[in-house]
Amino acid sequence: MISLDLSKIRTAKSYEEDLRQTERKINEALEPIIKDARLLEDVYKYFLAFIEKGKKVMDANNRKKFLFIAVYLFCPSVLIGHTMPRGFRDRIKELINANSASIVSNDTASLMFLYNHYKDFREDVDSAYSFIAEGMCLE
């Protein structure tokens, strides 16, 4: 007599539950801290204040630091390769007076690498983020 082998089905059920838990964790991790894109200008103003406080200038390196913070706050999934929400790239382009939206895209592609591999970049981003978060009362 041939019997039923339900072990594959039990295993599949277990994997489905694991997958649901993983998806919940991913969604929580990638939830934007700020959902109102109109606050992007405020974040930029605080970033500029941070730059001025350190007697620095807004150059390409500091632009990348601002991009990291903006993406982290508004669309963190971009840091792991997802696309920006429609219109967000153009808003940043206008805000930072970039010549083209591709500058924003090109800079964004390397943000996690810069953060993970360059201590100075990471420390500056962390300091600027703290300054902005305190100024905007973010949690």
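**Exercise 1. Find which residues make the nonpolar surface patch of about 340 Å².**

Solution. Leu4, Leu6 and Ile9 make this patch in the predicted model. Take leucine 4 as a start: its place is in the segment before helix H1 (7–29). Next, check its accessibility. The cut-off for exposed is over 50% relative accessible area, and leucine 4 has 75%, so it counts as exposed.

**Exercise 2. Work out how the buried residues of H7 are arranged around its axis.**

Solution. Begin with the helix itself. H7 has 17 residues and spans 24 Å from first to last C-alpha, close to the 24 Å expected at 1.5 Å a residue. Now list its buried residues: Phe121, Val125, Ala128, Ile132 and Ala133. Looking down the axis of H7, you will see them fall within an arc of 130°, so they line one face of the helix. A general point helps here: an α-helix has 3.6 residues a turn, so residues three or four places apart point the same way.

Then ask what this side meets. The buried residues of H7 pack against helix H2 (40–53), helix H3 (60–74) and helix H6 (111–117). On the face turned away from the buried side sit the exposed residues Lys119, Asp120 and Glu134.

**Exercise 3. Describe the setting of two non-glycine residues with positive phi, asparagine 97 and cysteine 137.**

Solution. Recall that most residues other than glycine have a negative phi. Asparagine 97 has a phi of about 60° and lies in the loop between helix H4 (88–95) and helix H5 (101–109). With 66% relative accessibility, asparagine 97 is exposed.

Cysteine 137 comes just after H7, with a phi of about 55°. Its relative accessible area is 68%, so cysteine 137 is exposed.

Definitions and conventions:
Residues numbered from 1 in each chain as written. Predicted model: local features only at pLDDT ≥ 70, side-chain atom pairs only at ≥ 80, totals over all residues. Heavy atoms only, no water. Helix = DSSP H or I, 4+ residues; strand = E, 2+ residues; numbered from the N terminus. Buried < 20%, exposed > 50% of the residue type's maximum accessible area, 1.4 Å probe, protein only. Patch = residues over 30% accessible without salt bridge, like charges linked within 9 Å, V, L, I, M, F, W, Y side chains within 5 Å. Areas by Shrake-Rupley, 256 points an atom, 1.4 Å probe, with all protein chains shown as cover. Salt bridge = Lys/Arg side-chain N within 4 Å of Asp/Glu carboxyl O. Expected span 1.5 Å × (residues − 1). Arc of directions from axis to C-beta. Contact = heavy atoms within 4.5 Å.
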